[in-house]
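Have the sequence and the model open side by side. The text below walks through some turns of the backbone, some helix pairs and some empty spaces.

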Amino acid sequence: MLNKQTIKQLLSKNIIDIQPNEIPHFEQLKNIDIATNRIIKAIKNNEKIVLVGDYDVDGVTASTIVNQFFKQINYPIKIIIPDRFKDGYGLTPKIMDKIDKCDVLITVDNGISSYEAAQICKQRNIDLIITDHHTPTYPLPETYTIIDPKQKDETFPFIEICGAEVAWYLCASINKNLNTKIDMREFLDILVLAIIADVMPLNHINRILVKMGLLKLSKSNKPFAIILKEALNKNYFNSEDIAFNIAPRLNSAGRMKHAKIAFDFLNSENIEEARKYYSILNETNEQRKEIEKNITKLCIESNQNENFIIAVGDFHEGVVGIVASRLVHHYKLPAIVFSDNGEILKGSGRSLGDVNLYKLIDSCKEFTLGFGGHKLACGLSIPKENLDKFTQKINNETAKISKENFYLEEFILGELPLSECDFELLEILESFEPYGEGNPKPKFKAKIKIENIRNLKDNHYKLIISQNNIYKDAIIFRYDGEFKEKCEIIFTLNKNEFNGNVNIQLMIDKIL
């Protein structure tokens with residue numbers, strides 16, 4: 001049976017805390033000096049700089065940070081956010097067709113596998129600077145230089161950083177070398193969105209940047225931040241607000257329409273503009289949820305796989321990654337969902353536990369046209385005629401992996417009496433925030449009696465529960481099972497504020 005002291009000890013084992021003055025210096029990133037010197041040369045010689053981002057939150061925020069930084073140093077650059085449906089992922093030959101004149105081309109959150117585009121840059125005498133954080137495949141593209149913390153011989157002390165962090169560091173390096181004295185902390189309200197949305201482990205540098213970023217976002221007077229506070233009725237943001245409310249809306253733009261909508265929202269210059277773009281993001285997110293729900297249902301009904309889930313159909317390309325994630329949670333197996341657009345299948349995959357998706361796809365690369373990503377998430381394309389061979393091989397390779405590696409991590413600390421669920425415990429739990437990847441929010445078990453049930457809407461229920469004459473409020477979302485008077489629950493603890501009243505509320509994850 002847990003108590004407050006035990007919980008404190010268990011939680012402290014999970015985190016690696018550093019102080020703001022211990023954040024690694026930008027000089028520790030391999031090749032950042034080469035990239036910085038070339039960009040400063042371009043600025044001094046009035047050369048044309050083009051930046052190519054990506055259509056997810058990480059790519060859009062990285063593009064935003066660079067865009068706002070260059071505005072502050074008063075040097076114009078062209079920003080290109082790819083169209084998922086027309087351009088494909090990252091720096092592609094189609095993107096190169098959109099660049100008429102360019103001296104220096106910078107990528108953020110992409111480029112590490114842009115071999116064809118790198119060759120085009122070489123032919124056109126464009127100095128290509130790739131900044132990325134995805135796992136490289138060797139040999140690397142031929143470029144002017146590459147900044148990627150996952151390169152060989154990297155000296156950066158914590159390699160699990162996102163693309164926006166790499167872009168932020170590059171701007172910091174330019175700032176220092178130009179002696180422009182811009183406070184790089186002013187971009188943390190944007191950077192925090194990327195770190196959480198891209199599911200970076202919340203330890204070491206990520207942990208301190210998220211702490212600082214959440215505070216910055218909560219106090220920010222930028223139009224996008226004001227609208228977020230207004231729309232979500234928040235004065236202070238936590239990591240869950242970003243993960244479950246803000247990131248899905250920002251991502252929906254690139255999934256359903258064009259990521260430029262999210263980029264324009266973050267770069268809004270006034271409240272009216274920000275409100276307009278937020279309204280569009282809200283609408284696209286609702287569309288995304290409905291399409292994703294229907295495709296997930298269809299994939300589950302038609303699944304016949306054993307070791308690795310492969311689903312193919314006339315699916316909306318923008319939601320296949322989310323559907324893959326849903327399938328992983330449903331089957332506890334890795335999954336790839338392909339969108340069938342004719343002769344080429346474009347897919348997005350997700351994995352779990354210690355099942356390395358990147359390595360699995362790499363073992364089948366003779367059947368692909370290209371792929372990229374990391375251990376738990378990858379994108380790829382394959383000729384339709386190779387689907388059966390690809391499916392057979394990846395199933396065979398997955399079968400070789402020990403079943404112990406197939407797990408969805410649930411951080412259940414243990415059994416917690418309702419008598420311990422008070423404001424003192426909540427204060428202890430809040431002291432270990434931010435929660436997320438690498439530092440999951442703790443869950444607890446309890447044997448309880450359900451005293452009262454109230455149906456709110458859409459299978460959301462408000463409960464009053466008891467244990468040894470201790471009564472607590474509880475809530476459970478999207479529950480379609482039966483309620484038993486006596487049962488065991490898995491829950492997290494939450495502070496509920498309503499009409500000026502504050503009380504402890506149990507957020508029930510499962511009823512066992």
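Start at Pro434, which is placed in the loop between α16 (423-431) and β12 (443-457). The model is a predicted one. The peptide bond that leads from Glu433 into Pro434 is cis, and its omega is near 5 degrees. A second cis peptide bond links Tyr138 to Pro139, with omega at about 0 degrees. Pro139 is also found in a loop, here the one between β4 (127-131) and β5 (145-147). These bonds are worth marking because most peptide bonds are trans.

Another backbone feature to look for is at Asn31, in the loop between α1 (4-12) and α2 (32-44). Asn31 is not a glycine, and its phi is positive, near 75 degrees. As a general rule, most residues other than glycine have a negative phi.

Next, look at how helices pack. What is the angle at which the axes of α1 and α16 cross? The crossing angle of α1 and α16 is roughly 10 degrees, and their axes come within 10 Å. Angles under 35 degrees count as roughly parallel, so α1 is roughly parallel to α16. On the α1 side, the contact is made by Lys4, Ile7, Lys8 and Leu11, and on the α16 side by Glu424, Leu425, Ile428 and Leu429. Sorted by class, the residues of this contact of α1 with α16 are 5 nonpolar and 3 charged, with no polar ones.

Now move to α6 and α7. Their axes are 8 Å apart, and the helices pack at an angle of about 150 degrees. An angle over 145 degrees counts as roughly antiparallel, and therefore α6 is roughly antiparallel to α7. Ala164, Glu165 and Trp168 of α6 meet Leu188, Leu191, Ala194 and Ile195 of α7. The contact of α6 with α7 holds 6 nonpolar residues and 1 charged residue, and no polar ones.

Helix α7 (residues 188-197) also packs against helix α8 (residues 204-219): the axes come within 8 Å and cross at roughly 130 degrees. That angle makes α7 and α8 oblique to each other. The crossing of α7 past α8 is left-handed. From α7, the residues in contact are Leu188, Asp189, Leu191, Val192, Leu193, Ile195 and Ile196; from α8 they are Asn206, Leu209, Val210, Met212, Gly213, Leu214, Lys216 and Leu217. By class, the contact of α7 with α8 consists of 11 nonpolar, 2 polar and 2 charged residues. Leu188, Leu191 and Ile195 of α7 are part of the contact with α6, and Leu188, Leu191 and Ile195 are also part of the contact with α8.

The remaining features are empty spaces. The second largest pocket encloses about 360 Å³ of space. Its lining has 16 residues, and those closest to the centre of the pocket are Ile23, Phe26, Trp168, Ala172 and Met184. Which helix gives the most to the lining of this second largest pocket? That helix is α6 (residues 163-178), with 5 residues. Trp168 thus appears in two places: among the residues closest to the centre of the pocket, and in the contact of α6 with α7. The lining of the second largest pocket divides into 11 nonpolar, 2 polar and 3 charged residues.

Finally, how many cavities of 30 Å³ or more are found in the whole structure? The search finds 1. The largest cavity has a volume of about 30 Å³. Ile112, Ser113, Thr135, Pro136, Thr137, Tyr358, Phe371 and Gly372 line the largest cavity. The lining of the largest cavity is made of 4 nonpolar and 4 polar residues, with no charged ones.

Terms used. Residues are numbered from 1 along each chain as its sequence is written. This is a predicted model: local features need pLDDT of at least 70, side-chain atom pairs count only at pLDDT 80 or more; totals for chains, interfaces and linings use all residues. Side-chain values use heavy atoms; hydrogens and water are left out. Axes are lines fitted to C-alpha atoms, for helices over the stretch in contact, and angles run from 0 to 180 degrees between N-to-C directions. Helices (H or I, at least four residues) and strands (E, at least two) are DSSP runs, numbered from the N terminus. Angles under 35 degrees count as roughly parallel, over 145 as roughly antiparallel, 65 to 115 as roughly perpendicular and the rest as oblique. A crossing is left-handed if the near helix is turned anticlockwise from the far one by less than a right angle, and right-handed if clockwise. Contact means heavy atoms within 4.5 Å. Ala, Val, Leu, Ile, Met, Phe, Trp, Tyr, Cys and Pro count as nonpolar, Asp, Glu, Lys and Arg as charged, and the others, Gly among them, as polar. On a 1 Å grid over the protein atoms alone, a cavity is a set of points where a 1.4 Å probe fits but cannot get out, and a pocket is an open set with protein on both sides within 12 Å along at least five of seven lines; lining residues have an atom within 4 Å of a point. Grid points are joined across faces, edges and corners, and a volume is the space filled by probe spheres set on the points.
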